[in-house]
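Colleague: Got a minute to walk me through this one? I'd like the overall picture first, then the odd spots.

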Amino acid sequence: MERLGTETAFEVLVRARALEAKGKDIIHLEIGEPDFDTPGNVIKAGVQALNTGWTHYGPSAGLPELRSAIAKYLGETRDVQVAPEEVVVVPGGKPIIFFAMLALVEEGDEVIYPDPGFPIYESMIDFLGGRAIPIHLREEREFGFEVNELAARITDRTKLIILNSPHNPTGGVLDENDVRAIAHAIGDRDIMVLSDEIYSRLIFEGEHFSLMSIPEFRDRTILLDGFSKTYAMTGWRLGYGVMRADLAVQISRLMTNSNSCTASFTQMAGVEALRGNQSSVDQMLQEFRARREVMVAGLNGIKGFRCRKPRGAFYVFPNIEGTGWTSKQLADALLEEAGVACLSGTSFGSRGEGSIRFHSIPTRSARDAPWALSRSRPRNGRNPQHVV
Ligand SMILES: Cc1ncc(COP(=O)(O)O)c(C=O)c1O
């Protein structure tokens with residue numbers, strides 16, 4: 001257990017809530033979730049599912065309705081034809097990281113992963129006794145990495161490479177050229193790639209391109225996506241992996257051994273999310289784009305800060321080296337003294353030193369919009385008690 005890491009966002013949230021309990025006003029920019037309500041049509045479908053008996057166990061790999069809807073969605077968004085048998089539905093995107101690594105990584109296996117990056121990757125590599133091989137994302141390359149560096153890190157022991165685009169925490173995006181160059185560097189080696197595409201619809205410029213679209217990588221890619229970010233469904237717990245059918249069987253077995261299945265009514269809401277009107281996704285993206293402008297311009301106006309424009313997701317990751325503070329010192333001081341909760345870049349790996357991560361702020365228009373959910377005040381008489 002000592003080798004298992006964590007996600008600091010949860011800890012900062014607890015500290016921020018403790019300060020709030022003492023009467024301090026806190027601006028929450030630490031949370032990794034959209035501050036919007038789940039779209040109405042999706043909520044309605046979930047409620048209807050509850051009322052019509054979708055309240056029982058279902059198949060471990062997911063309901064056939066949702067697996068088919070996801071397979072079709074993959075065809076539309078990644079230009080790759082997949083069968084429902086290649087889809088495993090799980091409670092959130094995270095279990096795909098957990099299960100895929102549990103299935104593939106053995107003691108001593110090398111796993112290449114982005115640093116800075118989502119902390120669960122490194123945590124799971126360490127937990128499983130794998131060797132964590134970071135690939136450094138570079139601010140000057142818009143938070144991409146040098147493909148030569150990737151090539152240099154691949155060895156006979158490399159079992160898995162983890163990609164994440166759009167990227168948490170930097171907002172960096174791997175475009176088609178980058179992904180093709182990565183594919184070229186891996187070549188025909190027997191290495192699996194976990195492609196974390198949970199922010200694939202939250203991209204401001206250009207189009208999302210998945211490694212799975214490259215025919216030679218179709219069977220070597222485990223694509224992770226889900227509903228948390230795209231449809232503001234973090235609390236529903238719904239995500240999926242797309243992978244070779246034989247591996248899907250094994251991951252489903254891990255589901256049988258852990259969760260039995262994903263909640264059935266949640267999955268029915270997921271079918272509606274994929275098949276129904278997509279305007280809420282467009283609205284959210286538009287809003288995040290507007291906030292990005294405000295946030296980046298504001299941060300660049302602060303002495304010692306330097307902030308690049310993220311190309312996707314909903315974070316900004318300014319460089320704060322010019323302040324003379326370390327990331328952790330500054331994040332702590334912002335919380336304790338200024339009442340602004342954010343995350344130290346080091347929460348995302350040692351290469352995060354020198355930066356901090358903010359969730360993009362709600363603009364005034366967002367706060368007033370009917371679908372907006374401001375964290376600092378109750379809405380519709382409800383007091384949102386977010387825990388993520
Ligand atoms: C890169 C990345 N992958 C996976 C996840 C997990 O998403 P979920 O809440 O659906 O488990 C997150 C959530 O923050 C994330 O940022």
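Modeller: Sure. One term before we start: helices and strands here are DSSP runs, helices being H or I over at least four residues and strands E over at least two, numbered from the N terminus. With that naming, Glu 85 is found in the loop between α3 (64-78) and β2 (87-90). And keep in mind that this is a predicted model.

Colleague: OK, stay on Glu 85. Is it buried, partly exposed or exposed?

Modeller: Glu 85 is partly exposed, at 49% relative accessible area.

Colleague: Which residues does Glu 85 touch, not counting residues up to four places away in sequence?

Modeller: Arg 67, Ala 245 and Ala 248.

Colleague: And how far is Glu 85 from Pro 119?

Modeller: They are 34 residues apart in sequence, and their C-alpha atoms are 30 Å apart in space. For another pair, take Asp 156 and Arg 189: 33 residues apart in sequence, with 9.0 Å from C-alpha to C-alpha.

Colleague: Where does Asp 156 sit?

Modeller: In the loop between α6 and β5. Asp 156 is exposed, with a relative accessible area of 82%.

Colleague: Let's zoom out. How many helices and strands does the protein have?

Modeller: There are 12 helices and 12 strands. The radius of gyration is 20 Å, close to the 21 Å that the globule rule gives for 388 residues, so the protein is as compact as a globular protein of that length. Along the principal axes, the C-alpha atoms fill a box of roughly 55 × 55 × 40 Å.

Colleague: What share of the residues is buried?

Modeller: 57% of the 388 residues count as buried. As for the surface, the protein exposes about 16,700 Å², and carbon and sulfur atoms supply 51% of that.

Colleague: What about charges: how many positive and negative side chains are there?

Modeller: 43 positive and 50 negative, with the centres of the two sets 4 Å apart.

Colleague: And the contacts, what fraction joins residues at least 24 apart?

Modeller: 72%, counting contacts between residues at least 6 apart in sequence.

Colleague: On to strands. Why do you call β7 largely enclosed?

Modeller: Six of the six residues of β7 (residues 221-226) are buried, so the strand is largely enclosed by the rest of the structure. In a regular strand the side chains alternate between the two faces of the sheet. In β7 both faces are covered: Thr 221, Leu 223 and Asp 225 are buried on one side, and Ile 222, Leu 224 and Gly 226 are buried on the other.

Colleague: Which way do β6 and β7 pair?

Modeller: Strand β6 (residues 192-196) pairs with β7 in the parallel sense, over four bridges. Val 193 has Thr 221 in β7 as its bridge partner. With strand β8 (residues 239-242), β7 pairs in the antiparallel sense, also over four bridges. There, Leu 223 stands opposite Val 242 in β8.

Colleague: And what's the strand order in the open sheet of three strands?

Modeller: That one runs β9-β12-β11, with antiparallel pairing. β9 (315-316) and β11 (343-344) are at the edges with a single partner strand each, so one side of each has no neighbour in the sheet. β11 and β12 (residues 356-359) pair over two bridges, and Ser 344 has Ile 356 in β12 as a bridge partner.

Colleague: Now the odd backbone stuff. Which residues does the cis peptide bond with omega of about 0 degrees join?

Modeller: Asp 115 and Pro 116. Pro 116 is in the loop between β3 (110-115) and α5 (119-127). The peptide bond from Asn 168 to Pro 169 is cis as well, with omega near 15 degrees. Pro 169 lies in the loop between β5 (158-164) and α7 (176-186).

Colleague: I also want to check phi. What is it for Glu 142?

Modeller: Positive, about 55 degrees, although Glu 142 is not a glycine. Glu 142 is in the loop between β4 (131-136) and α6 (147-153), and counts as partly exposed at 34% relative accessibility. Arg 237 is another non-glycine with a positive phi, about 60 degrees.

Colleague: Where does Arg 237 lie?

Modeller: In the loop between β7 and β8. Arg 237 is partly exposed, with a relative accessible area of 33%.

Conventions:
Residues numbered from 1 in each chain as written. Predicted model: local features only at pLDDT ≥ 70, side-chain atom pairs only at ≥ 80, totals over all residues. Heavy atoms only, no water. Rg over C-alpha atoms; globule rule 2.2 N^0.38 Å. Buried < 20%, exposed > 50% of the residue type's maximum accessible area, 1.4 Å probe, protein only. Contact = heavy atoms within 4.5 Å. Areas by Shrake-Rupley, 256 points an atom, 1.4 Å probe, with all protein chains shown as cover. Lys, Arg positive; Asp, Glu negative; His and termini not counted. Charge placed at Lys NZ, Arg CZ, Asp CG, Glu CD. Pairing = 2+ DSSP bridges.
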